[in-house]
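Colleague: Thanks for making time for this one. Could you walk me through how the labels on the model were reached?
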Amino acid sequence: MLFFCVLPLLLAAATAENCYKQIGEDCDTKHDQEANKKGTAKESCTAVYGVFSNNESSKTSTLTLLQELQGFANQNMKESFHLLLISSYFGNYNVPREGFKKLYRKYSDKLWEDSINVMKYIAKRGGVMNFEQPSHSVSDSNIPKKIIPLFEIQSLALVLDKQKNLAEKAFQIHNNALAHTHKDPAIAHYIEERFLEAHTDRIRDLSGYITELKSLSPANNSISSSIFVFDEYLQKSL
C-alpha cells in the first residue's frame, strides 16, 4: 500500500525535475550574472507539456499539433469573415433576404467564437498564436473563390461545403492528437468536446435547409415565391 502512495509522488517529482533544475540554476549564486539578467525562460517552467511545444521545428513535412491548432483558428476566422460578407450581401436593398442575412450572421458569430476559443486554448497550453500559419485544410478546389453574388440555394450549398471542411479539419487534429508518437489526449478531448458535436449540428441544419428549400420549389411553381416563404421561415425560426 505504501508503494502506491509513494509512486505518485515520485512521478510528480520526475515531471517537475526539469523546471526545478532550471530554477535552481537561475537562483544559484554561482550562476553567471549575465545569464541571470537575461532571465532564461525555458518551456520546462511554462504551461507547455506533452507534445505541445513552441520550439518544434516547422521545417518538417508533418505539422505539429500547435501548428495545426493555429491553422484551425485562422481557418475559422477566415470563414467567419466570408459568412459576414455573404450576410451583408443578402441584407442589401438589391437582395433583401433578412432570413438569410440572419442565418449567415449567426454562423459567422459562431465561427468567430470558435476561433477565439482555439486561441485561448493555445494560450492555456503555453503556446503562442501565429496568425500567419496556413490552415492546410481539406482541399476545397471545387469551392469557388468568388463567394458573391450567389443565389440563395447556392449560398446554402457553399456554406455547407465550407462547414464540412472545418469539420474534416477538426477530425484531422483529433486523429493526429491520438495517433501522435507520444499522443496528446488533452487536445483530442478538447476538439471532441468543443467542435465535433457542434459541427454535426451545423451540417445537419444546413443540409436540412437545402432539402426544405428544394422541396418548396417544384418545377411548376415560381422559385421566387418559394424563396420568399423560406426566408420568412428563417426569420421566425432563428
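Colleague: Leaving aside neighbours within four places in sequence, which residues is E212 in contact with?

Modeller: E212 is in contact with F230 and Y233. Keep in mind as we go that this is a predicted model. E212 itself sits in helix α7, residues 185-215. Its C-alpha atom and that of F230 are separated by 8.2 Å, and the two residues lie 18 apart along the chain.

Colleague: Why is E212 called partly exposed?

Modeller: The relative accessible area of E212 is 32%. Buried would need under 20% and exposed over 50%, so E212 with its 32% is partly exposed.

Colleague: And R97, why is that one called buried?

Modeller: R97 has a relative accessible area of 17%. The cut-off for buried is under 20%, so R97 qualifies. R97 belongs to the loop between α4 and α5. Beyond four places in sequence, R97 is in contact with F90, E152, I227, F228 and D231.

Colleague: I227 and D231 come up there. Which residues of α8 are buried?

Modeller: They are S226, I227, F230, D231 and L234.

Colleague: What puts these residues on the same side of α8?

Modeller: They cover an arc of only 135° around the axis, so they lie on the same side of α8. The general background is that an α-helix has 3.6 residues a turn, so residues three or four places apart point the same way. As for partners, the buried residues of α8 pack against α5, α6 and α7.

Colleague: How do you know that the length of α5 agrees with what is expected?

Modeller: α5 has 27 residues, which at 1.5 Å a residue should span 39 Å. The end C-alpha atoms of α5 are 39 Å apart, so the two values agree. α8, residues 223-237, comes out in a similar way: its 15 residues reach 21 Å from first C-alpha to last, close to the 21 Å expected. Just after α5, G126 takes a positive phi of about 85°.

Colleague: Which residues touch the most other members of the largest nonpolar core?

Modeller: Those are L69, F100, Y104, L156, I187 and I191, in a core of 44 residues. Two or more residues come from each of α4, α5, α6, α7 and α8, and α7 gives the most, with 10. Taking I191 as an example, and not counting residues up to four places away in sequence, this residue touches L69, A170, I173, H174 and L196.

Colleague: What makes L69 and the others count as members of a nonpolar core?

Modeller: Membership calls for buried residues of the nonpolar kinds, joined through side-chain atoms within 4.5 Å, and L69, F100, Y104, L156, I187 and I191 are members on that basis. In soluble globular proteins, nonpolar side chains tend to be buried together.

Colleague: How many helices and strands does the protein have?

Modeller: There are 8 helices and 0 strands. Buried residues make up 37% of the 238 residues. Among contacts with a separation of 6 or more, 74% are between residues 24 or more positions apart. The accessible surface comes to about 14,500 Å², and carbon and sulfur atoms hold 57% of that.

Colleague: Which elements have the lowest and the highest mean pLDDT?

Modeller: Helix α1, residues 2-15, has the lowest at 42, and α5 the highest at 97. The mean for the protein is 81, with 71% of its residues at 70 or more. Over residues 35-40 the pLDDT is below 50, and that stretch has 6 contacts in the model beyond near neighbours in sequence. Residues 57-61 also stay under 50, with 2 contacts beyond four places in sequence.

Conventions
Residues are numbered from 1 along each chain as its sequence is written. This is a predicted model: local features need pLDDT of at least 70, side-chain atom pairs count only at pLDDT 80 or more; totals for chains, interfaces and linings use all residues. Side-chain values use heavy atoms; hydrogens and water are left out. Helices (H or I, at least four residues) and strands (E, at least two) are DSSP runs, numbered from the N terminus. Buried means under 20% relative accessible area, exposed over 50%, partly exposed in between (1.4 Å probe, protein chains only). Contact means heavy atoms within 4.5 Å. The expected span of a helix is 1.5 Å times one less than its number of residues. The arc is that of the directions from the helix axis to the C-beta atoms. pLDDT is the predictor's confidence in each residue, from 0 to 100. Accessible areas come from the Shrake-Rupley method with a 1.4 Å probe; for residues, only the protein chains shown count as cover.
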